[in-house]
Amino acid sequence: MMPSIAEGILFTDFYQLTMAQLYFRAGVHRVPAQFEHFFRSYPNYGDHQAGYCVNAGLGTLLEWMRSVRFDEASLDCLRAQRSRSGAPLFAGDFLDWLRREGDFGTLTLYAIPEGRVVHPHVPLTVVEGPLAIAQLLETALLNQLNYQTLVATKAARMRESGQGRVVLEFGVRRAQAGGANAGTRAALIGGADFSSNVGMSCALGFPPKGTHAHSMVQAFIALGGSELDAFEAYAEVYPDDCVLLVDTINTLESGLPNAIRVFERLRAKGHRPVGIRLDSGDLAYLSIQAAKMLDAAGFPDTIIVLSNQLDELVIWQITSQIREEAPRYGVDADSVIRRLVYGVGTNLITSMGDPALDGVYKLVSVQREGKWVPAIKISETPEKTLTPGQKSVWRLYDRRGMATADLLCLREEDPRAQAVLTLRHPTDHTKQRTLRAEEISAIEPLMVEVLREGRQVYETPPLEAMRAARQQDIERLDPGVRRLIRPHVYHVSLSESLWALKQRLIAGHGSWETP
């Protein structure tokens, strides 16, 4: 089924279409061009910031690209657009060309696979093909990849902060409309184990997870029953999946004692209660007291699900507080932390604190007379001056097997063949670094070919493989890069040849011929 007109190929910015018609009128619409997608800085959440990102969204983008083209409905929309003088804004011959060639079947695409750790200024996606068609992809590509990378990064940080405990994504009700599905997918790539989003969980092959709301307890009480009646009814229907929300009335004086009564009855019938959920109050203190009461009742293995505006910093604060306070109550802190499960919603799905990744899509090369010519954008802000030309991307690992730098090279370069590598800072000519072959344990190419002239040549891995890649990459980052607050800056560098090309173009104000 074709997407609606709002979700189809017109899911783009208006200027993409006006530029495409300009290229068509100038006769350069089929000129081979190459664009790169990258981001300029890590998410900064105000009181804490990321030291790495997790790449996500490619699978969603590919699915969209396969399903859209300029059909009659989208062409009618363009045909109805008028200039200020009342004349048609888009000419008939341009619309005819869109009807014949208006899909993404001519594009070649290279990308860093989903789940991999990525860093600023490194090309995540490279699009190569006819100038007008490659230009038309920009908006949808940025929309799909920027958001999912943002959420996957937040999820990875929450999982790191939770020290590997289970993370549940609960954000569908707080997401930006249909973005909930993309956010759920990204969260599962980035570190969430499961989601409450039923449809997307089923689509991705994951069992949805959840408990119950306060309204269930409220309903029973309003109808003349009690909190205990509500818990018993829930346990009757879900005897092997019983997780009870215990803070509707009073967590320690009502909710937990009633939950324990229900758990005892379940156990007597041969069932194993799953746990409780805490959604308000001092979650660290309540976790300690809940663990103490559950242990005393003979339920040392029941989980404690925490929810209520959690993010990576709050999770870190909760575990720190438990380590400090638990011994005062005669409780082993590690035993409390091991039973915690984190339900994260709003702060994950919206990437609270930094809701937009500054990913961009820039022209880096065009073909002229059969040869690729590098293109550059020069800015008074050095960080915004583009690194031109066709590139390859490599990750360098030191003697310890830890990632020490991502190196951008000219496409024809292979750093594995060099005995000594000079790594140049992308914008600061005073900063460079030298690595000898004996200091490097491995050099890994990061990009794979995904599409070749519209035909997919890359088998999208299952989500579990993406999650495994994420975990492996994070484990190979230095602890300083992984820390929640003021992380160490990971090195992204240019090869000597690529640095020299960039300087020549800057000196020549963007002209390839100027020496």
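Which strands does helix α18 lie across, and at what angle does α18 run to β21? Helix α18 (residues 496–507) lies across β14 (391–398), β15 (403–410), β16 and β21 (491–495), and runs at about 75° to β21. The model is predicted. The points below cover two open sheets, one of six strands and one of seven, then helix packing and cysteines.

**Six-strand sheet**
- The strand order of this open sheet is β17-β16-β21-β15-β14-β18, with mixed pairing.
- Its edge strands, β17 (432–436) and β18 (440–445), each pair on one side only.
- On average, and ignoring direction, neighbouring strands of this sheet are turned by 35° against each other.
- β16 (residues 420–424) pairs with β17 in the antiparallel sense, over five bridges.
- Opposite Leu421 stands Leu435 in β17.

**Seven-strand sheet and helix α2**
- The second open sheet runs in the order β13-β12-β1-β5-β3-β19-β20, and its pairing is antiparallel.
- β13 (371–374) and β20 are the edge strands; each has a single partner strand, so one side of each has no neighbour in the sheet.
- Two bridges join β19 and β20 in the antiparallel sense.
- Arg452 is placed opposite Arg455 in β20.
- Helix α2 packs on this sheet, where it touches β3, β19 and β20, and its direction makes about 10° with that of β19.
- The buried residues of α2 (residues 58–67) are Leu58, Gly59, Leu61, Leu62, Trp64 and Met65.
- The cover over these buried residues includes the strands β3 (108–111), β19 (448–452) and β20 (455–456), and also the helices α6 (138–161) and α7 (179–190).
- An α-helix has 3.6 residues a turn, so residues three or four places apart point the same way.

**Helices α1 and α4**
- The axes of α1 (residues 14–26) and α4 (residues 92–101) come within 10 Å and cross at roughly 105°.
- α1 and α4 are therefore roughly perpendicular to each other.
- On the α1 side the contact is made by Leu17, Ala20, Gln21, Phe24 and Arg25, and on the α4 side by Asp93, Phe94 and Trp97.
- Sorted by class, this contact of α1 with α4 has five nonpolar, one polar and two charged residues.

**Cysteines**
- With a disulfide taken as a pair of cysteine sulfur atoms within 2.5 Å, the count is zero disulfides.
- Cys77 is partly exposed, at a relative accessible area of 31%.
- Cys242 is buried, at a relative accessible area of 0%.

Technical notes:
Residues are numbered from 1 along each chain as its sequence is written. This is a predicted model: local features need pLDDT of at least 70, side-chain atom pairs count only at pLDDT 80 or more; totals for chains, interfaces and linings use all residues. Side-chain values use heavy atoms; hydrogens and water are left out. Buried means under 20% relative accessible area, exposed over 50%, partly exposed in between (1.4 Å probe, protein chains only). Axes are lines fitted to C-alpha atoms, for helices over the stretch in contact, and angles run from 0 to 180 degrees between N-to-C directions. Helices (H or I, at least four residues) and strands (E, at least two) are DSSP runs, numbered from the N terminus. Angles under 35 degrees count as roughly parallel, over 145 as roughly antiparallel, 65 to 115 as roughly perpendicular and the rest as oblique. Contact means heavy atoms within 4.5 Å. Ala, Val, Leu, Ile, Met, Phe, Trp, Tyr, Cys and Pro count as nonpolar, Asp, Glu, Lys and Arg as charged, and the others, Gly among them, as polar. Two strands pair if DSSP finds at least two bridges between them.
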